[in-house]
Amino acid sequence: MKDIVEIKQFMCEKCGSQFCGIGTLKKHLESHSRIKQKEFNCDTCGKLFLDKGKLKKHQYIHLNVKQFECFVCGKDFYERSKMKRHEKTHKLKDKVIA
Ligand SMILES: [Zn+2]
Ligand SMILES: [Zn+2]
Ligand SMILES: [Zn+2]
């Protein structure tokens, strides 16, 4: 057993910059991916999303939009149109039974 404390250097594979902590390297790597990937920023709380759809869903929290609930099965929908379309599937089934 060796008692030598090894100071690990973390190197960024992309630009060769060296960091003494994995945390700082990770943070640095984020700046690289930020350039590559398009991010969507919530203009209310500043949260970042890589997916525009996810951001949209998230923003409903701020908008305080009431979720639309299917009165048949209770499923939640963020958009009225989607809920309506979903409800139609119930109606279609009812028609088949009737
Ligand atoms: Zn780098
Ligand atoms: Zn937000
Ligand atoms: Zn339903």
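A residue is called buried if 20 or more other C-beta atoms lie within 10 Å of its own, and exposed if 12 or fewer do. Keep that in mind as we look at this predicted model. Of the 98 residues of the chain, 0% count as buried.

Let's start with the overall layout. The chain has 3 helices and 6 strands. If you read along the sequence, you meet them in the pattern β-β-α-β-β-α-β-β-α. Now turn to the contacts between residues that are at least 6 apart in sequence: 0% of these join residues at least 24 apart.

Two residues make good stops on our tour. The first stop is Thr44, which sits in the loop between β3 (40–41) and β4 (48–49). Is Thr44 buried or exposed? Thr44 counts as exposed because it has 11 other C-beta atoms within 10 Å. If we set aside neighbours within four places in sequence, Thr44 is in contact with Gln59 and His62. Gln59 is 15 residues away from Thr44 along the chain, and the C-alpha atoms of the two are separated by 7.9 Å.

Our next stop is Glu69, and you will find this residue in strand β5, which covers residues 68–69. Glu69 has 12 C-beta neighbours inside 10 Å, so it counts as exposed. Which residues does Glu69 touch, not counting those up to four places away in sequence? They are Gly74 and Asp76. You can also look for Met83, 14 residues from Glu69 along the chain: the C-alpha atoms of Glu69 and Met83 are separated by 7.0 Å.

Notes:
Residues are numbered from 1 along each chain as its sequence is written. Chains are lettered from A and ligands numbered from 1 in the order in which they are written. This is a predicted model: local features need pLDDT of at least 70, side-chain atom pairs count only at pLDDT 80 or more; totals for chains, interfaces and linings use all residues. Helices (H or I, at least four residues) and strands (E, at least two) are DSSP runs, numbered from the N terminus. Two residues are in contact if their C-beta atoms, placed from the backbone, lie within 7 Å.
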